[in-house]
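Let's walk through this fold one strand at a time. Have the viewer open and follow along.

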Amino acid sequence: MFRKLLQTGQVDVDGHVYVVHYFESKTARGLRRFSGEVVLDPGDRIILDDDSLTSLEAKVARLAPATIYSRALASRRTSVAA
């Protein structure tokens, strides 16, 4: 399955800006799907998908900060437990 890069954006979480790449792909049935990759580090990404680009952008704005915050909390919890 091939993906086409549609646009690149950013999401700001507490003053730290993360790059977001938005892609379009076609399903086996010919329907369009959209995915967004929030780049945290070169080998670490948050990937979200949706049926429309507008809905995906809203989802990224809502879920990327929550995911980043939860990772920060999890890393504090594991370092305290060790």
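**A walk across the sheet**

Start at a single pair: phenylalanine 34 stands opposite aspartate 50 in β4. Before going further, some housekeeping: this is a predicted model, where local features need pLDDT of at least 70, side-chain atom pairs count only at pLDDT 80 or more, and totals for chains, interfaces and linings use all residues. Residues are numbered from 1 along each chain as its sequence is written, and side-chain values use heavy atoms, with hydrogens and water left out.

Now zoom out. Four strands (DSSP runs of E, at least two residues, numbered from the N terminus) make an open sheet ordered β1-β2-β3-β4, with antiparallel pairing. Two strands count as paired if DSSP finds at least two bridges between them. At the edges sit β1 (3-13) and β4 (44-50), each pairing on one side only.

Take the pairs in turn. β1 and β2 (residues 16-26) run antiparallel and are joined by ten bridges; lysine 4, for instance, has glutamate 24 in β2 as its bridge partner. Next, eight bridges link β2 to β3, again antiparallel, and valine 20 finds its bridge partner in valine 38 of β3. These two strands form a hairpin with five residues between them, and glycine 30 in the turn has a positive phi of about 90°. Then β3 connects to β4 by a hairpin through two residues, with seven bridges between these antiparallel strands.

Why is β3 (residues 32-41) largely enclosed by the rest of the structure? Because seven of its ten residues are buried, meaning under 20% relative accessible area with a 1.4 Å probe, protein chains only.

Terms used. Buried means under 20% relative accessible area, exposed over 50%, partly exposed in between (1.4 Å probe, protein chains only).
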